[in-house]
Amino acid sequence: MVRRALIDPLRQTASQVRPALRIAVLVAMLAACGPAHLRHTAEVTSPIGTAQAAGTAEPAKLPPMVLGVQTHFSQGWTPSTLAQAQQVGAPMLRDSLPWAETEKVRGSYSLNTPAAQTLAAACAGGQRLLLTAVPSNPLYDGGGWVSSAAGNAAFAAYLAALADRFGPCLAAVEVGNEINGSGTLVYPAGVDRAAAYVATLKAVRARLGGRTAILGGSTNMIGTGFLRTLFAAGMLTTVDGIAVHPYRLRAEGLDVELAQLNAAMDAAGKRVPVWASEFSVDTRNQPVAAGELVKQATMLAAHGAAQASWYALIDQRWFPNMGLYAGNAPKAQAGAFRLMQQLLARGRPQRLDLGDPLLFAYRFGADTTVVWGAPRALTVQGGQVRDATGAPATSFSVSERPLVITGTTAIRYGTSTWIADTLMGWGSPQWRYATRLKAEAGYRLPLFDDQFTSYFGDRWYRPLRINTTSAAPGGTAAAPIRAVWRYVAPGAQAVDIGGCFAKAASGDGVDLTVTAAGKVLWRGVLTGQLQLPSLSANLAAGDAVELVAGPNQTAGGDSFNLRLVLFQRGAGEPVACPE
């Protein structure tokens with residue numbers, strides 16, 4: 001988990017996504033990132049079942065995803081906290097026994113500390129362990145990340161000691177933690193960092209010999225651009241899985257990012273399982289967090305993630321909103337976590353094709369469906385309808401908060417008055433993304449894989465980017481690099497347009513324009529928070545509604561949040577600003 005001291009500087013960098021705990025992460029076009037089908041490869045034994053090392057294009061055939069939780073017994077959590085992990089039914093704990101604290105004398109390991117004893121108690125209780133391990137110890141290679149043959153051998157020996165201590169209970173070792181951030185991959189000047197990291201993984205592979213899964217990558221968010229450098233250095237032939245930390249405030253687009261990561265592995269010649277070893281939502285709104293736990297875990301499972309760990313079991317000083325418990329008191333998130341254990345036991349969910357990109361329905365097993373999306377009526381015959389905490393829902397309709405329907409497939413969905421939405425329709429064929437320069441020439445924006453996540457943009461147009469709920473233009477009034485969202489009407493439509501925009505008090509503002517069929521409906525400069533006035537348009541087939549964002553006069557401070565919704569005429573309503 002990154003600290004806010006590291007996150008806040010990134011928040012101001014327009015060419016990068018916002019940080020892990022306040023992020024609305026970016027996405028890409030589904031057509032551009034669908035998984036390729038590789039030839040079948042030999043099966044390998046996974047610590048959570050049997051999975052293929054490549055060719056995993058059919059998640060439904062994989063073992064159920066394992067949903068675990070982050071603990072910090074290595075940071076002094078009391079052993080009594082273990083009971084809370086057992087109460088929510090967590091089958092796996094993610095924790096650590098840091099190398100520098102375990103080996104203080106060369107070749108001698110301290111593996112009977114209070115933290116080690118608590119983790120051993122978890123094993124005795126039937127839980128399994130995912131341990132993170134940073135390859136740095138003051139005894140080797142000057143305290144930096146090991147890069148010498150002797151340093152790599154020492155790190156591998158330490159991991160072997162962990163494997164000896166915990167045996168089959170040790171499901172996996174995650175080598176490094178959020179290594180695409182600052183303060184990581186600390187090697188001597190002139191060392192190829194990607195090659196050095198992969199060399200460490202190879203030393204671990206040679207020593208452990210398949211005794212536990214080895215996870216590489218460990219990125220803050222889904223850092224496909226960063227991971228590509230490790231793929232090029234040969235990581236995929238060395239590891240059993242890739243660890244990512246897909247932090248976000250909203251689930252939508254998570255499926256597209258996972259598909260993009262899988263496509264990057266396919267392009268590199270081999271696909272390995274993805275472990276979402278940290279994910280969470282940083283909000284005080286417990287019902288929202290519970291809903292996002294259900295939505296995000298469902299999407300992770302549907303798109304092949306082998307394992308996911310909610311961060312964290314209990315609220316902490318630096319992260320006071322993210323636990324399943326506040327002290328000893330269970331939060332709404334704890335109910336959602338228990339509910340997901342029941343759902344995941346039914347196998348891999350599959351998204352139902354209901355002909356509307358703004359309607360999300362995932363089927364678990366034969367008769368259980370998780371539903372959310374643009375508002376509409378919902379009729380259920382038989383069965384039971386519950387909210388994200390597992391509590392019965394006495395009255396219900398489709399909304400952005402998920403419902404869990406069990407015991408029936410007799411479900412009818414009404415028609416929504418929402419036509420298009422930049423959030424829930426993000427990355428779908430509803431929207432096209434482009435940049436427009438001073439000469440008004442338009443350029444279709446590709447999916448660009450950056451260090452932390454992927455976004456619509458291009459390295460030549462930085463800091464321009466288009467994310468799910470945030471964006472930034474580039475340039476100045478004299479040489480603008482405008483971001484464009486474009487919706488094209490498939491037929492004659494009468495629409496209302498609503499939207500909300502917000503930005504921090506930095507820079508001189510963002511120039512926003514909304515057009516329909518080439519005519520300007522509204523124009524303004526965003527400097528704080530802004531709700532669009534009531535806008536309407538009559539569209540013929542092929543007519544477009546565009547949102548265009550450019551710099552006001554000067555460059556800098558132009559990152560902003562947005563959401564734009566197109567409604568059927570007469571159904572327009574205020575749109576809430578995304579965080």
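These exercises with worked solutions explore a predicted model of one protein chain.

**Exercise 1. The chain as a whole**

Find how many helices and strands the protein chain has, and what share of its residues is buried.

Solution.
- Start with the elements. The protein chain has 11 helices and 35 strands.
- Turn to burial. The chain has 579 residues, and 59% of them count as buried.
- Look at the surface. The exposed area is about 21,200 Å², with 52% of it supplied by carbon and sulfur atoms.
- Finish with the contacts. Take those between residues at least 6 apart in sequence: 72% of them join residues at least 24 apart.

**Exercise 2. The disulfides**

Work out which cysteines are joined, and where each partner lies.

Solution.
- Count the links. There are two disulfides in the structure.
- Take the link between Cys123 and Cys169. Its sulfur atoms are 2.0 Å apart. Cys123 sits in helix α5 (residues 114-124), while Cys169 is in the loop between α6 (149-166) and β6 (170-175). The two are 46 residues apart, so this pair links distant parts of the chain.
- Check its handedness. The torsion about the S-S bond is about -85°, so the disulfide of Cys123 and Cys169 is left-handed.
- Check its burial. Cys123 and Cys169 are both buried.
- Take the link between Cys500 and Cys577. Here the S to S distance is 1.8 Å. Cys500 belongs to strand β29 (residues 493-502), and Cys577 to the segment after β35 (560-568). They are 77 residues apart in sequence, so the link ties those parts together.
- Check handedness again. The link of Cys500 and Cys577 has -85° about the S-S bond and is left-handed.
- Compare burial with the 20% cut-off. Cys500 has 1% relative accessibility, so it counts as buried. Cys577 has 22%, so it is partly exposed.
- Write the pattern. With the bonded cysteines numbered in sequence order, the pairing is 1-2, 3-4.

**Exercise 3. Helix α10**

Test whether the span of helix α10 agrees with its number of residues, then inspect its surroundings.

Solution.
- Compute the expected span. Helix α10 (residues 286-302) has 17 residues, and at 1.5 Å a residue it should span 24 Å.
- Compare. The end C-alpha atoms of α10 are 24 Å apart, which agrees.
- Judge burial. In α10, 14 of the 17 residues are buried, so the rest of the structure largely encloses this helix.
- Inspect the N-terminal end. Asn285 caps it, with a side-chain oxygen 3.1 Å from the backbone nitrogen of Val288.
- Step just past the helix. Gly304 has a positive phi of about 90°.

**Exercise 4. The nonpolar cores**

Identify the residues with the most contacts inside the largest nonpolar core.

Solution.
- Read the core. It has 114 residues, and Tyr197, Met235 and Leu324 have the most contacts inside it.
- Find the main contributor. Helix α6 gives the largest share of this core, 10 residues.
- Look apart from it. Another core has 37 residues, including Ile419, Leu464, Leu532 and Leu535.
- Zoom in on Met235. Beyond its neighbours within four places in sequence, its contacts include Tyr197, Leu201, Leu227 and Ile242.

**Exercise 5. Unusual backbone**

Locate two cis peptide bonds and two residues other than glycine with a positive phi.

Solution.
- Recall the background. Most residues other than glycine have a negative phi, and most peptide bonds are trans.
- Place a cis bond. Tyr311 to Ala312 is cis, with omega near 5°. Ala312 is in the loop between β10 (307-310) and β11 (325-326).
- Place another. Arg462 and Pro463 are joined by a cis peptide bond with omega about 10°. Pro463 lies in the loop between β24 (454-456) and β25 (465-466).
- Turn to phi. Asp141 has a positive phi of about 50°. This residue is in the loop between β5 (128-133) and α6. Its relative accessible area is 31%, so Asp141 is partly exposed.
- Now take Glu178, with phi near 50°. Glu178 is in the loop between β6 and α7 (193-208). Its relative accessible area is 3%, so Glu178 is buried.

**Exercise 6. The setting of Asn552**

Find the polar partner of the Asn552 side chain.

Solution.
- Place the residue. Asn552 is in the loop between β34 (544-551) and β35.
- Name the partner. A polar atom of the Asn552 side chain lies 2.7 Å from the backbone oxygen of Asp508.
- Widen the view. Leaving aside neighbours within four places in sequence, Asn552 also has contacts that include Ala477, Gly509 and Val525.

Key: Residues are numbered from 1 along each chain as its sequence is written. This is a predicted model: local features need pLDDT of at least 70, side-chain atom pairs count only at pLDDT 80 or more; totals for chains, interfaces and linings use all residues. Side-chain values use heavy atoms; hydrogens and water are left out. A disulfide is a pair of cysteine sulfur atoms within 2.5 Å. Helices (H or I, at least four residues) and strands (E, at least two) are DSSP runs, numbered from the N terminus. Buried means under 20% relative accessible area, exposed over 50%, partly exposed in between (1.4 Å probe, protein chains only). Contact means heavy atoms within 4.5 Å. Accessible areas come from the Shrake-Rupley method with a 1.4 Å probe; for residues, only the protein chains shown count as cover. The expected span of a helix is 1.5 Å times one less than its number of residues. A polar contact is a pair of N or O atoms within 3.5 Å; within protein, one must be able to donate a hydrogen and the other to accept it, and residues adjacent in sequence count only if both atoms are side-chain atoms. A nonpolar core is a set of buried Ala, Val, Leu, Ile, Met, Phe, Trp, Tyr and Cys residues joined through side-chain atoms within 4.5 Å.
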